[in-house]
Amino acid sequence: MTIATDPAALSASARATRAIHAGQEPDPTTGAVVTPIYMTSTFKQDGVGGLRHGYDYSRSVNPTRTSFDEQLASVEGAKYALSFSSGLAAIDVLLRSTIKPGDNILLGNDVYGGTYRLLSKVFVPWGVGLDVVDITDLAAVAAALETKPYAYLWVETPSNPLLNITDIAAVSALAHDHGAKVVVDNTFASPVLQHPLEEGADAVVYSTTKYIGGHSDVVGGAVVLNDEEVRDQVAFLQNAAGAVPSPFDSWLDIRGLKTLDLRVKQHSRNALKVAQWLESQPAELVERVWYPGLESHPGHEIAARQMHGGFGGMISVQIAAGFEAAKRFAGATQVFTLAESLGGVESLIEHPGAMTHASVAGTTLEVPANLIRLSVGLEDADDLIADLERAFKAI
Ligand SMILES: Cc1ncc(COP(=O)(O)O)c(C=O)c1O
């Protein structure tokens with residue numbers, strides 16, 4: 001199947017078809033319909049330098065990985081996708097291959113704790129400047145961009161864990177006016193719901209560990225982009241430093257991406273139902289629900305325009321009775337499993353302040369102590385609501 005180079009032509013149905021066929025040519029030797037797991041570190045050469053289809057060594061290139069990269073690029077309507085051994089490896093290699101000490105990054109004020117840890121504890125000591133801005137406030141973004149040259153504006157939308165919504169087209173226009181590139185971490189929305197490159201972003205990153213893998217059985221990441229020069233820089237550092245997924249990881253990502261469209265739409269339907277139920281709870285139980293599909297969400301209108309086919313499976317909720325009650329709540333569910341991560345078929349519950357976002361404690365990114373994050377899975381929504389109802393009784 002031809003790989004897309006024209007994002008404008010890409011409809012939702014075309015994405016669903018591409019997810020199943022792009023990069024998935026039947027194996028030329030056996031006709032195997034499913035891409036084989038090429039579990040090999042090296043490839044026979046037909047005479048020195050006589051590579052078969054460019055394959056020499058699996059750190060550099062592997063057919064199962066190529067298959068996933070082509071599939072993801074096609075679904076995204078992008079020219080290139082490069083997959084990595086984790087989402088953070090993808091972020092690290094994209095940044096390290098394109099910036100140098102002395103450059104600056106402008107970061108949204110609600111992001112995955114591990115992203116903030118990588119930037120503040122690794123890139124800042126390396127000499128990169130890092131500033132944080134309320135990225136939902138266009139005036140604040142414009143003012144920050146005036147203060148100094150930025151190499152990148154880093155956007156997570158919906159953000160982790162507060163589900164803040166950033167207008168990608170608006171901040172991309174602002175950033176480009178000031179010579180900054182825009183990266184969108186599209187992990188929460190997935191390529192089903194949101195298409196940052198079409199909105200003007202320069203690159204997209206994913207933790208494929210989440211919705212793309214979709215079954216909580218693989219750790220992986222990806223960079224998706226159209227710029228050939230940046231693609232070559234990223235590919236060079238990936239090969240030079242080696243943060244590659246195994247062929248089995250790539251195979252799990254391929255399998256996950258094939259059903260992403262169906263899953264994400266059902267995650268979104270379930271999450272909307274759970275969020276509406278949470279919002280209907282009395283004030284002595286629920287202080288606030290954060291879900292972009294709710295009309296009460298400050299970013300709802302932007303999300304309704306920018307996200308297509310749903311608002312995703314992630315909800316955050318502030319438990320009115322406070323920190324200790326929130327922790328008891330997270331430990332009291334039976335269908336929701338208390339665990340980090342998100343985007344799998346099974347529902348997960350966690351306390352960001354003590355778990356995924358412990359590394360932002362004491363910073364401007366600190367999350368509310370009574371915040372609970374839900375990754376709403378594919379169980380029956382009424383069972384999920386009954387589980388939360390039981391957990392409220394247990395606190
Ligand atoms: C939004 C977001 N980006 C990036 C990452 C990092 O991905 P990984 O855990 O695959 O390194 C995560 C992990 O939770 C995440 O939630």
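Which polar atom lies 2.9 Å from the backbone nitrogen of N164? Let's find out on a short tour.

Before you click, note that this is a predicted model, where local features need pLDDT of at least 70 and side-chain atom pairs count only at pLDDT 80 or more, while totals for chains, interfaces and linings use all residues. Residues are numbered from 1 along each chain as its sequence is written, and side-chain values use heavy atoms, with hydrogens and water left out.

**First stop: S159.** Select S159 in the loop between β4 (152-156) and α6 (168-177); helices (H or I, at least four residues) and strands (E, at least two) are DSSP runs, numbered from the N terminus. Here is the partner of that N164 nitrogen: a polar atom of the S159 side chain. S159 is buried, with a relative accessible area of 1%; buried means under 20% relative accessible area (1.4 Å probe, protein chains only). Now show D110, N164 and F188, which S159 touches, not counting residues up to four places away in sequence; touching means heavy atoms within 4.5 Å.

**Next stop: K210.** Move to the loop between β6 (203-207) and β7 (221-225), where K210 sits. An unreviewed UniProt entry lists K210 for "modified residue: N6-(pyridoxal phosphate)lysine"; such annotations may be inferred rather than shown by experiment. With a relative accessible area of 16%, K210 is buried too. Add T187, S341, L342 and G343 to your selection: K210 touches these residues, leaving aside those up to four places away in sequence.

That completes the tour.

Key: Buried means under 20% relative accessible area, exposed over 50%, partly exposed in between (1.4 Å probe, protein chains only). A polar contact is a pair of N or O atoms within 3.5 Å; within protein, one must be able to donate a hydrogen and the other to accept it, and residues adjacent in sequence count only if both atoms are side-chain atoms.
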